[in-house]
Amino acid sequence: MDFPNIFTKEESQNLIDRINKLTPETQAQWGKMNVAQMIKHCNVPYEMIYEPSKFKKPGAFARFMIKIFAKKQVVGTKPYPKNGRTAPDFIVPAQQDFSQQKKELTNHIWKVQGEGTQVFEGKESHAMGPLNANEWNTMFYKHLDHHLQQFDV
């Protein structure tokens, strides 16, 4: 795996330790989101897996375009750019309950870790079709790491 393995207890704990350094007052180094909004934003990929009815599934043409233009950026090794464009499903309201979102994110990280690579190997994503476990790992880790760096943790 090109990124730290989120399917291990150690790496999941490392991410959670970073998340636990956040406070409601933590300020972003770039971007427009506040810290609670960012945590909610980081919950979205997990919600797409565990609460798919909350999201409208893209049509066939949109899925094709996402696979062609976005999949490589999402599951590839190149880091996300600062102030990059946000997909509509990932835009969340500024008013969020910091503690609740933090708890949900921690629970999601542990759930993915507990399910392990075997559950994610070939698992269908909301918009990109089936992904292998390494692609899921990359997507989860890269997204979280990008936003934790945004808030300097």
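Below are some worked exercises on this predicted model.

Residue numbers start at 1 in each chain, following the sequence as written. Since the model is predicted, local features need pLDDT of at least 70 and side-chain atom pairs count only at pLDDT 80 or more, while totals for chains, interfaces and linings use all residues; side-chain values use heavy atoms, with hydrogens and water left out.

**Exercise 1. The core**

Task: Find which residues have the most contacts inside the largest nonpolar core, and which elements give two or more residues to this core.

Solution:

Step 1. Get the terms straight. A nonpolar core is a set of buried Ala, Val, Leu, Ile, Met, Phe, Trp, Tyr and Cys residues joined through side-chain atoms within 4.5 Å. Buried means under 20% relative accessible area, exposed means over 50%, and partly exposed is in between, with a 1.4 Å probe and protein chains only.

Step 2. Look at the core itself. The largest one has 34 residues, and Leu22, Met38, Leu105, Ile109, Trp136 and Phe140 have the most contacts inside it.

Step 3. Add the elements. Two or more residues come from each of α1 (9-20), α2 (35-50), α4 (71-75), α5 (98-120) and α6 (133-150). Helices here are DSSP runs (H or I, at least four residues; strands would be E, at least two), numbered from the N terminus.

Step 4. Check for anything separate. There is a second core of 5 residues, which includes Val44, Met48, Phe55 and Phe90. As background, nonpolar side chains tend to be buried together in soluble globular proteins.

Step 5. Zoom in on one core residue. Setting aside residues up to four places away in sequence, Leu22 touches Val35, Met38, Ile39, Phe98, Lys102, Leu148, Phe151 and Val153, where contact means heavy atoms within 4.5 Å.

**Exercise 2. One face of α1**

Task: Work out which residues of α1 are buried and what covers them.

Solution:

Step 1. Check the length. The expected span is 1.5 Å times one less than the number of residues. For the 12 residues of α1 that should be 16 Å, and the end C-alpha atoms are 16 Å apart, which agrees.

Step 2. Pick out the buried residues: Glu11, Ser12, Leu15, Ile16, Arg18 and Ile19. Seen down the axis, they fall within an arc of 155 degrees, so they line one face of the helix; the arc is taken from the directions from the helix axis to the C-beta atoms.

Step 3. Turn to the other side, where Lys9 and Glu10 are exposed.

Step 4. Find the cover. It includes α5 and α6.

**Exercise 3. His41 and Lys102**

Task: Decide whether His41 is buried or exposed, and do likewise for Lys102.

Solution:

Step 1. Place His41 in helix α2. At 5% relative accessibility, His41 counts as buried.

Step 2. List its surroundings. Not counting residues up to four places away in sequence, His41 touches Met33, Thr86, Phe90, Val92, His143 and His147. The His41 side chain also reaches the backbone oxygen of Phe90 at 2.7 Å.

Step 3. Place Lys102 in helix α5. At 16% relative accessibility, Lys102 counts as buried. Its contacts, leaving aside neighbours within four places in sequence, are Ile19, Asn20, Leu22 and Ile39.

**Exercise 4. An aromatic pair**

Task: Describe the pair formed by Phe7 and Phe120.

Solution:

Step 1. Set the cut-offs. Rings of Phe, Tyr and Trp (its six-membered ring) pair if their centres lie within 6.5 Å; planes under 30 degrees apart count as stacked, over 60 as edge-to-face and the rest as tilted. The structure holds 6 aromatic pairs.

Step 2. Apply them. Phe7 and Phe120 are 5.6 Å apart centre to centre with 45 degrees between the planes, a tilted pair.

Step 3. Locate the partners. Phe7 lies in the segment before α1 and Phe120 in helix α5, so the pair ties together parts that are 113 residues apart in sequence. Phe7 is buried at 8% relative accessible area, and Phe120 is buried at 0%.

Step 4. Widen the view. Phe7, Tyr46, Phe120, Trp136 and Phe140 form one aromatic cluster.

**Exercise 5. Positive phi**

Task: Say where Asn83 lies and where Asp152 lies.

Solution:

Step 1. Recall that most residues other than glycine have a negative phi.

Step 2. Asn83 has a positive phi, near 60 degrees, and sits in the loop between α4 and α5. Asn83 is exposed, at 56% relative accessible area.

Step 3. Asp152 also has a positive phi near 60 degrees and lies in the segment after α6. Asp152 is exposed, at 58%.

Conventions
Polar contact = N/O pair within 3.5 Å; in protein donor to acceptor, adjacent residues only side chain to side chain.
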